[in-house]
Amino acid sequence: MTSQLKLTRRGFLAGTAAVGALSLAGPSFAASKTLNILSHRVHQTSLGEGDADAMKDWKAANDAELNWTTFDSNPLMDRLFREASLSSTDFSVGYMVDNRPTSEIAKLFEPLGPWLEKDGIEEFDDIAPGLVQGMTVDGNLIGIPVRTATQALFYNEARLEEVGISAPPTTIEELVEQARKVTESGKATGMILASDLAVFPVMFARAYGGDFINKDFELLPNKEAMEKGLTTLADMFKDGSLPKSYATTKNDDQVTWMQQGRAAFTVLPFARAAQLNNAEQSKYPGKIKAIGFPGSKDSTVPMASVVEAWAMVIPANAKDKELAWSFIKEVSSKKNTLVMALNGNGPARVSTFGEAELTAKNPLAAVEAEVLAQARGAFPPFPEAARAQALFLEEVQLAVLGRKTPAEAVAAIESRVAPLLPS
Amino acid sequence: MAELGDTMKARTLWGVIPLLAPVQLLLLSVIIIPSIYVIWLSFHVSSFGQSATFVGWDNYIRVITDPAFHSALINTVIIVVVAVHLELLVALGVALLFNSGLKFRRLLLVAVLAPYAVSEVIAVAMWRFLFDMDVGPVTQALQALGLPILEWGYDPMHAMIMIALLTIWMHLPFTFIILYAARLALPSDLYEAARIDGATAWQSFRRITIPLMGPAILVALLFRYIFAFRLFSEVWLMTQGGPARSTEVVAVYLYQEAFSYNAFGTAAATAWIMVIVSLLLASGYIYLLRRQVNANAK
Amino acid sequence: MRNKRLLNLLKTIAVLAIVVWSLFPIFFIVVSSFKAGHDIFAVPTKWFFEPTVQHYQKLVSAWPVFFSSLWNSTVITAGATALAVIASTTAGYVYSRYNSRLLNASIVYLIGVRLIPPIVVTLPLFPIVNWLGINDTHFVLIVLYATFFVSLGTVLMRTFIDQIPRELDEAAAIDGASRMTILRKVIVPLATPGIIAVAVFVIVFAWNEFLFAFIFTSTNAKTAPLVVSEMIGSIDGVDWGVLFAASTVQLLPVLLFVVFMNRYLVAGLTAGATKG
């Protein structure tokens, strides 16, 4: 109780300090330098706080303070690009998701090749080459990969056992069947998926060997597979295996539903395992497990899960690029990659998955490494990607809710998205 | 006295410019100049990392021919027409109820005012929770009573009803107070005279209350039109325009263009279309109503 | 007689309905903030439960930023109110006491400006604010909030000052008082109800505003509604108990304020409605 009271007071003091700093028209921090970082909150928390702060030594050595500004993914990208397009910005490091760097965007950020040559990162080759490739635009490396979020199929073991299922599904057909069984038992909903992310319909299309937009900017490379994927989702919705609230379900809801046992299956990044099984929040601690998302029994192509990667970038108009690079170098070290992985961050280094400390703490690491080997982004970056995703999701929702047939939706996706692709 | 008034005028406005300056400066720098820049922007194609290129009326044509914009515009008009008028009727009813003599009037007035103090963010959190399709207390109560529940996460119609209910909840205090204050200001001897002449309650409502409250009703409507037309937070935080963009309103469309797709040119064009349409909507309606009120008053 | 009783019954039902409609959502959130975690989502809804302050404790321990954001909201609200009140009072005085074609025309412009939706100006304001180096400061929100209220504020103050007899300031002028002295010694004391009414509007607006705060602040000047919205989109999933606790803390002061100031609110809207 006392410690909590102290925290409030600290909170108030922080507020007062901010006002004080403002009236003096200049920041007055203890350290002589401040590095302003623009990120998602997970990036900050994965580096640890307080005594577990992985950057403690770096801060002391550089006499610098870290000042994190965190946003949710979409507003974060908007803010980062906005800051980078000003004449100068206070933010020297930003975190960028890998489906955003188009040629136009890449121009706003510092090419990191020369920095890497001058002052290299420890075992740079160890950072997954595919991820590095994704951050190389027009021949310039603009970001150092730092986080991967590989999608997994999570299932609530207890919920499955209640309806007599002893093993998780190995094909998508089994998954649909098991979800239906849970739904029919009336104890929980089969599956919970957010409707505002392209990840999920893309995963379902890939289960049948299809895709939305592949690496070569081919739209709907296998239309039949996309149709099958949407049909599966629509049937699940009709059965009640997806909740009626599907169209307004968000990513956060997936976590809440799984923790409360309201749904038996969901698709989330492997790194969420700890949170889903957190005894303080979850009604099913230790019972929510993960496997790779299963492909169709008829599909000849191996299932490629969706992976989202984040990289650290330096805005070209940043003020302190030296300090920014020093920070990036430090965060990318083997040691810190492991620390972040232990804190639930999907590592960008291949070797980290094999670290004994990680495999001991996180039994999923091996599975995750295996799924990651086959995984790729939901779709490649291009200028109108955000709009294309919105159109895609609109049609998917119409198909799932039964307002259009999957065939009509696929035809509409084709005709509406095609004009947005880069020529 | 008259001479003094004249001298004040004669000294012209120069002397009072410092008193007017703060307001004018604020409006000029925060609203007027940025709006002019938005006009310039609306004739250009612009995004991050890309310098603006002049494209003439292209952005306007793109927006006006975009089916998504049409549905956003229709949704906005539906909300404006249905929600605002429903709200007006309820507010008028409550105002007359209060005027008819109530016990604990001050206390009840405060109760009706309460939603005015609630932030949009918190109001949306409240309503999302109360109407949660699975565990929401209101949903459960409706189910227990055997009534149909509001499937706002699934049925676009229900989602629109939900948004309409929420805006009415948030803005009823405002409309109510305007109408209530206007009703209080009506002289009671008019009603006395009407009663002596043998007018029924309905007749005096029709012949006295409505015409005399006309200006206040107009003001309430004007304000609410303007505010309902820029409706954003309620929709954005509640449904994000879903399911399948079926509840998207113009301000959400604008936000998407600007902040999701980074298409600043079309966003700017949408902004100006928004300003002009709301202006037309408000002025046209006000003109009609004013004419009617004047005719009634005669 | 029976008719009258029926009418009274109907009236009572109507009053009950409107009170439940207005207060139930607020009441429910406040009550739920004292429910234990598993009671919040209990089906059927629990009406009787053992109250707990666990969510408030967690709010204090896990969200220190919420309390600094309350402080930010306080500073910004106070600043915006002071700026809006001063600007509106001086301008309202001029509009009330002076007469010219230009002045009358500018009233139309004053109101016309309000037709421009705030979201429109966010687009160009961002680079301007950055260029001035005032992003993420209390100052920028103070200016923005005040600006979006000076139109209404000026019109309101004009109406209130119109009610003060001109003879009073003319008498003071004959005694040799300067314009500023008249404003300070004659107008302001007599227009206090109007000033309070304007202040009430700005305070409620600035305390609750979301869009501008979302776009123009990041850490130093983050306001309370922004932190509440972060709780809704928190990466750990929504912790409804803490969300309700934070909502209660954010809501209660301004709710009490509106309750105590309801007279001025009514007076302000009356003036705005009849003359605006």
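These legends describe close-up views of a predicted model with chains A, B and C.

**View 1. Confidence in the complex and in chain C.** The predictor assigns the complex an ipTM of 0.87 and a pTM of 0.82. For chain C, the mean pLDDT is 86. In that chain, 95% of the residues reach 70 or more. Among the elements of chain C, the highest mean pLDDT, 93, belongs to helix α4 (residues 64-97). The lowest, 72, belongs to helix α14 (residues 262-275).

**View 2. The contact between chains B and C.** Chain C contributes 72 residues and chain B contributes 68 residues. On the chain C side, helix α1 (residues 2-32) supplies the largest share, 11 residues. By class, this side of chain C holds 52 nonpolar residues, 16 polar residues and four charged residues.

**View 3. The contact between chains A and B.** Here 18 residues of chain B meet 20 residues of chain A. The chain B side divides into nine polar, seven nonpolar and two charged residues.

**View 4. Helix α6 of chain B and what covers it.** This helix runs over residues 120-130. It is largely enclosed by the rest of the structure, because 10 of its 11 residues are buried. The buried set starts with B:E120, B:V121, B:I122, B:A123 and B:V124. It continues with B:A125, B:M126, B:W127, B:R128 and B:F129. The cover comes from two chains. From chain B it includes α8 (156-184) and α11 (233-238). From chain C it includes α1, α10 (192-208), α12 (224-232) and α13 (240-260).

**View 5. Helix α6 of chain C and its kink.** Which residue marks the centre of the kink in α6(C)? The kink is centred on C:P124 and amounts to about 45°. The helix covers residues 118-131. At 1.5 Å a residue, its 14 residues should span 20 Å, and the end C-alpha atoms are 20 Å apart, so the two values agree. Buried residues of α6(C) include C:I119, C:V120, C:V121, C:T122 and C:L123. C:L125, C:V129 and C:N130 are buried as well. After the helix comes C:G133, with a positive phi near 70°.

**View 6. The fold of chain A.** Chain A contains 19 helices and 10 strands. Its C-alpha trace spans about 65 × 60 × 45 Å along the principal axes. A compact globule of 423 residues would have a radius of gyration near 22 Å; chain A has 23 Å, which agrees. Of the 423 residues, 49% are buried. Long-range pairing is also counted for this chain. Among contacts between residues at least 6 apart in sequence, 76% join residues at least 24 apart.

**View 7. The surroundings of A:Q260.** A:Q260 sits in the loop between α12 (251-259) and β8 (263-269) of chain A. How is A:Q260 classed by its C-beta neighbours? A:Q260 counts as partly exposed, because 17 C-beta neighbours lie inside 10 Å. Leaving aside residues up to four places away in sequence, A:Q260 touches A:K283 and C:F41. One partner is thus in chain A and the other in chain C. The C-alpha atom of A:Q260 is separated by 9.8 Å from that of A:A188. Along the chain, A:Q260 and A:A188 are 72 residues apart.

Definitions and conventions:
Residues are numbered from 1 along each chain as its sequence is written. Chains are lettered from A and ligands numbered from 1 in the order in which they are written. This is a predicted model: local features need pLDDT of at least 70, side-chain atom pairs count only at pLDDT 80 or more; totals for chains, interfaces and linings use all residues. Two residues are in contact if their C-beta atoms, placed from the backbone, lie within 7 Å. Ala, Val, Leu, Ile, Met, Phe, Trp, Tyr, Cys and Pro count as nonpolar, Asp, Glu, Lys and Arg as charged, and the others, Gly among them, as polar. Helices (H or I, at least four residues) and strands (E, at least two) are DSSP runs, numbered from the N terminus. pLDDT is the predictor's confidence in each residue, from 0 to 100. A residue is buried if 20 or more other C-beta atoms lie within 10 Å of its own, exposed if 12 or fewer, and partly exposed in between; C-beta atoms are placed from the backbone. The expected span of a helix is 1.5 Å times one less than its number of residues. The bend at a residue is the angle between axes fitted to the seven residues ending there and the seven starting there. The radius of gyration is taken over C-alpha atoms; the globule rule is 2.2 Å times the number of residues to the power 0.38.
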